[in-house]
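Here are a few short exercises to work through with the model open beside you. Try each task before you read its solution.

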Amino acid sequence: MKKILTIAPLLAGAALLASVGVSSAAGKYTIGISNTVQGNGWREEMVCAMKAQALASGEVAKLNIAHRNTDAAGQLEDIRNLISAKVDAIVVNPADPAGIKAGLEEATKAGIVVVAVDQAVTEPSAYIISNNQEEYAYLGAKWLFQQMGGKGEVFYMRGAAGASADSDRDKGFKKALAEFPDVKVAQEVFTGWQQDQAKQQILSFLSTGTPINGIWTSGIDNVIVDALVESQAPLVPIVGADNAGFVGQLSSVKGLVGAAVTNPGSIGGAGVTLALQILDGKKPAQQTVLVQPQLWENATEEGKAKLKAAADPSLSPEWPVSISIPDWTTYTKDQIVACKGPGE
């Protein structure tokens, strides 16, 4: 059973586990964090939200953070290290559900609460709190295909191969595509959710001279607009996420038509809240909680007003502007921007 919510407007190297904070009278829990993508603004906001919520809760004495670029095998190693460290809960953004299932099962058997954020896992004992990734893609793709007049060629820029969020988004994209039989995929690429890689991919495609009528991105968006502007290519309709840079571009780049679909990195903070609730004996009625996305577009006056209200130029361009989730995060903007956990 799934609960549906609607939202409103670090270390690489030999030491994979970074202990943050010291024991305090207020905090009683040690929370482990496992993330496998660095250098991505969304993931950095997610980790900062985890730190900020742990601090704001007053219940966390220490964070053990495994935050590096790695694959499922590396994440499995990180999870087992967190188990050995005897954390009370592990909040994980999974690289691959099948690849880390054994580790999550081992954590549960060791009495550790497991919460997956952003993406689903297949281990049945784990709790999940995630943005609705299939709906994220469907909303944006349907809007894009409508802007294209129901026909033409779309450049399909996915996330990371094997990630469950990417697989779910592909389902949503394909669902919308099936509703518009005259829309064809000109090229499909995996960006790995990396800015530099995505920009190079679109520049390489543009250099072929192949015409396109729209671009769907899996949240790597502002650099795609930059590439179009810099190469003086036609500004075809673009769908991205609610990243601060892209939200700003939708109001400032002349001739740009596009839509931002919300996908808050603050889901990391929500994951910490859920873990603490379970540790305090307040298990949710549902094993999975989904946060429903919204679409903000600049093709209508109503959409422009939503974008204007959501815009926050003070944030990093790669950070989603949805820095909090009602009922799930309690930190302030200053706390998430500071990116400090208990004791830091």
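**Exercise 1.** Find out whether Asp327 is buried or exposed, and what is unusual about its backbone.

*Solution.* Start with the cut-offs: buried means under 20% relative accessible area, exposed over 50%, and partly exposed in between, with a 1.4 Å probe and protein chains only. Asp327 has a relative accessibility of 74%, so it counts as exposed. Next, look at the backbone: phi of Asp327 is positive, about 75°, although the residue is not a glycine. Finally, place Asp327 in the chain: it lies in the loop between helix H10 (301-310) and H11. Helices here are DSSP runs (H or I, at least four residues), as are strands (E, at least two), and both are numbered from the N terminus.

A word on the model: it is predicted, so local features need pLDDT of at least 70 and side-chain atom pairs count only at pLDDT 80 or more, while totals for chains, interfaces and linings use all residues. Residues are numbered from 1 along each chain as its sequence is written, and side-chain values use heavy atoms, with hydrogens and water left out.

**Exercise 2.** Now do the same for Gln232: what is its phi, and where does the residue lie?

*Solution.* Phi of Gln232 is near 55°, a positive value in a residue other than glycine. Gln232 sits in the loop between helix H7 (222-230) and strand E11 (238-241). With a relative accessible area of 74%, Gln232 is exposed.

**Exercise 3.** Locate the disulfide and describe it: which cysteines does it join?

*Solution.* A disulfide is a pair of cysteine sulfur atoms within 2.5 Å. The structure holds one, and it joins Cys48 to Cys339, with an S to S distance of 2.1 Å. The pair links distant parts of the chain, 291 residues apart: Cys48 is in helix H1 (residues 41-57), and Cys339 is in the segment after helix H11 (333-338). Now check the handedness: the torsion about the S-S bond of Cys48 and Cys339 is about -90°, so the disulfide is left-handed. Both ends are covered: Cys48 is buried at 6% relative accessibility, and Cys339 is buried at 14%.

**Exercise 4.** Examine helix H4 (residues 133-147): which of its residues are buried?

*Solution.* The buried residues of H4 are Gln133, Tyr136, Ala137, Tyr138, Gly140, Ala141, Trp143, Leu144 and Phe145. After H4 comes Gly149, whose phi is positive, near 75°. For context, 57% of the 344 residues of the protein chain count as buried.
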